[in-house]
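Reader: I would like to go through this structure with you, one question at a time. Please define each term when it comes up.

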Amino acid sequence: MPVRLGEDMLIEIEKTYNSNVRNFYLGTNILPFGFAEYADLKTKTLSAFAQSILKIEGVLSVLILPDMVSVLKKENADFKIEQNEVEK
C-alpha cells in the first residue's frame, strides 16, 4: 500500500508474517549504512525521526535501515499509523 508524503516521497508499506510489525520502504536512503534500533525514548542517541515514531501510542520499537523503517507495536494496539503522525 503506497503512501505519498509530500511531493517527493512515496512510501511502500508492507505487512509481515508478524501482525505486530510493519515495514516502511522509503525509496531513498535515510542512513548511509548499517542500522539503528530504538526501543526507549530515553536512549541518548535517539534521533528526532525515531523519537517521533516511538511517541505514537502502542509502538514498542523502531528499526531504521538505510532505505527502510520497521515498526513493532504492542500486540493489542491498533496499527493505524497515519502519515502525518511521523515528521518528515
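**Strand S6 and its surroundings**

Author: Five of the six residues of S6 are buried (under 20% relative accessible area, with a 1.4 Å probe and protein chains only), so this strand, a DSSP run of E with at least two residues, numbered from the N terminus, is largely enclosed by the rest of the structure. The model is predicted, so local features need pLDDT of at least 70 and side-chain atom pairs count only at pLDDT 80 or more, while totals for chains, interfaces and linings use all residues. Residues are numbered from 1 along each chain as its sequence is written, and side-chain values use heavy atoms, with hydrogens and water left out.

Reader: Which strand pairs with S6 over six bridges?

Author: Two strands pair if DSSP finds at least two bridges between them. S3 (residues 21-25) pairs with S6 in the antiparallel sense over five bridges. The antiparallel pairing over six bridges is made with strand S5 (residues 59-65).

Reader: Is Ser70 buried or exposed?

Author: Ser70 lies in strand S6, and its side chain is joined to that of Asn23 by a polar contact of 2.8 Å, where such a contact is a pair of N or O atoms within 3.5 Å and, within protein, one must be able to donate a hydrogen and the other to accept it, residues adjacent in sequence counting only if both atoms are side-chain atoms. With a relative accessibility of 13%, Ser70 counts as buried.

Reader: What is the relative accessible area of Asp78?

Author: Asp78 is found in the segment after strand S6 (68-73). Asp78 is exposed (over 50%), and its relative accessible area is 56%.

Notes
Helices (H or I, at least four residues) and strands (E, at least two) are DSSP runs, numbered from the N terminus.
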